[in-house]
Amino acid sequence: MKAKSFTGKFILLAVLVLLAKGFAYAGNFGLGVHTGYGVIKYEEFTTAVGAKIESESSLDTFLLGVSGEYSLKKYSNLYTAIVTDWAFGLEDNEKWKENNSVIQRNDISLFGQFYDLRFGYKNTLDRFYYRTYLSGGWDGIHFRRKNFVVNDIAQPTDAITEDFSLWRIGAGLGFGYKFGVWAFDGRAAYSYYFDGEVRNSSHEGLVFDTNGTCLDIGLGIAREITKNINLYAGGSYTQMDLDESEVNREVTQHGNIITRQDIVFPDSRTRILAGVINLTYAF
């Protein structure tokens, strides 16, 4: 499924379901919007093709997202939710090493989109509230690399793109403690990527299969502005670990010259650290 088509259908579903994020329980429906700023740290590492190859980059990142929740009328403790996030990683430098020696530098930027559909149970015990849920979703990350310098020599290479398509299932927990109009609020979730594909524009026709895990945690303070409106401010940390793919053999031909090259998608780690503000409205 193409990412653009998937995004449009998921946003339409989100609008139809009308959900919310946070601890507003005034009604059956709710909506939320959140924004944040932080950093994405991305790393790759492999020894599958002989030498020890590793890369690292760190990108300032803007976050934006919408969310929503619907509680069943007859069983108000049961709910379904949709949470969407978009990450805009600003262009920065990426460094590649072979056997601990720098061999390449290039510019890198990214756009990430994350969609989560949840079904769960929530309850309040005096001042303490909590929610548990099962979830499924899709994550997509688009990398763009350009301005390659290999062994201190600038390369005339065009920009190269790389696209991750990752389907996942998981579970999560939200919790908090209220004191007056204020509350401590936290969350923790864990997901498994059961179906992942990576495509790189410099290796057309090759699809790299991968699996992996995602850990997402957050902690902050929430305040009840009115009976129906809540404001949250806090920090979040997300870590995505993807496994190395099997080695693919790429065969190219230029005239009478045939070249065979082993290509692999390496082990990778994506870490997102950000401060987030979230506004929710329940009705």
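# A walk through a predicted model

Start with the largest nonpolar core: of its 24 residues, Phe143, Phe164, Met240 and Phe265 touch the most other members. Select those four and show their side chains. What you have on screen is a predicted model, so everything on this tour is computed from predicted coordinates. As background, nonpolar side chains in soluble globular proteins tend to be buried together.

Now pick out phenylalanine 164. Which residues does it contact, apart from its neighbours within four places in sequence? Two of them are Phe143 and Phe265, both of which you already have selected from the core. The others are Tyr42, Asp139, Gly140, Ile141, Glu197, Val198 and Leu242.

**Zoom out**

Switch to a cartoon view and colour by secondary structure. The protein chain has 1 helix and 13 strands. Trace the chain from the N terminus: the helix comes up before the strands, in the order α-β-β-β-β-β-β-β-β-β-β-β-β-β.

How much of the chain is buried? Buried residues make up 42% of the 283 residues. Turn on the surface and you are viewing about 14900 Å² of exposed area, with carbon and sulfur atoms supplying 58% of it. Contacts also link distant parts of the sequence: among those with a separation of 6 or more, 66% are between residues 24 or more positions apart.

**The largest pocket**

Keep the surface on and look for the largest pocket, which holds about 910 Å³ of space. To find its centre, select Trp96, Gln104, Ser202, His203 and Ile263, the closest to it of the 30 lining residues. The idea behind such a search is simple: rolling a probe the size of a water molecule over the atoms shows where empty space is left.

Which strands supply at least two residues each of the pocket lining? Colour these to see them:

- β1 (29–46), β2 and β3 (78–98) are among them.
- β4 (101–125) and β5 (128–150) are also included.
- β7 (160–179), β8 (182–200) and β12 (257–263) belong on the list too.

**Threonine 61, in strand β2**

Next, select threonine 61, which is found in strand β2 (residues 53–71). Is this residue buried or exposed? Its relative accessibility is 1%, so threonine 61 counts as buried. Show everything it touches, leaving out residues up to four places away in sequence: Gly36, Tyr37, Gly38, Val39, Ile40, Ala87, Phe88 and Gly89. Try a distance label here, too: the side chain of threonine 61 reaches the backbone nitrogen of isoleucine 40 at 3.4 Å.

**Threonine 161, in strand β7**

Jump to another threonine, number 161, in strand β7. Put a label between its C-alpha and that of histidine 142: they are 7.0 Å apart in space, with their positions 19 residues apart in sequence. His142 is also one of the contacts of threonine 161 beyond four places in sequence, along with Phe143, Arg144, Arg199, Asn200 and Ser201. Phe143 should ring a bell from the core.

**Two loop residues**

Most residues other than glycine have a negative phi. Here are two that go the other way. Asparagine 100, in the loop between β3 and β4, has a positive phi near 70°. With 53% relative accessibility, asparagine 100 counts as exposed. Then move along to the loop between β4 and β5 and select aspartate 126. The phi of aspartate 126 is positive as well, near 60°. Aspartate 126 is exposed, at a relative accessible area of 72%.

**Two charged-looking stops to finish**

Select aspartate 241 in strand β10 (residues 229–242). Why does aspartate 241 count as buried? Its relative accessible area is 19%, and buried means under 20%. Add arginine 269 to your selection: a polar contact of 2.6 Å joins the two side chains. Aspartate 241 also touches Asn211, Gly212, Thr213 and Ser268, setting aside residues up to four places away in sequence.

Last, go to lysine 146 in strand β5. At 29% relative accessibility, lysine 146 counts as partly exposed. Its side chain makes a polar contact of 3.4 Å with the side chain of glutamate 91. Apart from residues up to four places away, lysine 146 touches Glu91, Asn106, Asp107 and Ala159. For a final label, use glutamate 94: its C-alpha is separated from that of lysine 146 by 10.0 Å, while the two are 52 residues apart along the chain.

Key:
Residues are numbered from 1 along each chain as its sequence is written. This is a predicted model: local features need pLDDT of at least 70, side-chain atom pairs count only at pLDDT 80 or more; totals for chains, interfaces and linings use all residues. Side-chain values use heavy atoms; hydrogens and water are left out. Helices (H or I, at least four residues) and strands (E, at least two) are DSSP runs, numbered from the N terminus. Buried means under 20% relative accessible area, exposed over 50%, partly exposed in between (1.4 Å probe, protein chains only). Contact means heavy atoms within 4.5 Å. Accessible areas come from the Shrake-Rupley method with a 1.4 Å probe; for residues, only the protein chains shown count as cover. A polar contact is a pair of N or O atoms within 3.5 Å; within protein, one must be able to donate a hydrogen and the other to accept it, and residues adjacent in sequence count only if both atoms are side-chain atoms. A nonpolar core is a set of buried Ala, Val, Leu, Ile, Met, Phe, Trp, Tyr and Cys residues joined through side-chain atoms within 4.5 Å. On a 1 Å grid over the protein atoms alone, a cavity is a set of points where a 1.4 Å probe fits but cannot get out, and a pocket is an open set with protein on both sides within 12 Å along at least five of seven lines; lining residues have an atom within 4 Å of a point. Grid points are joined across faces, edges and corners, and a volume is the space filled by probe spheres set on the points.
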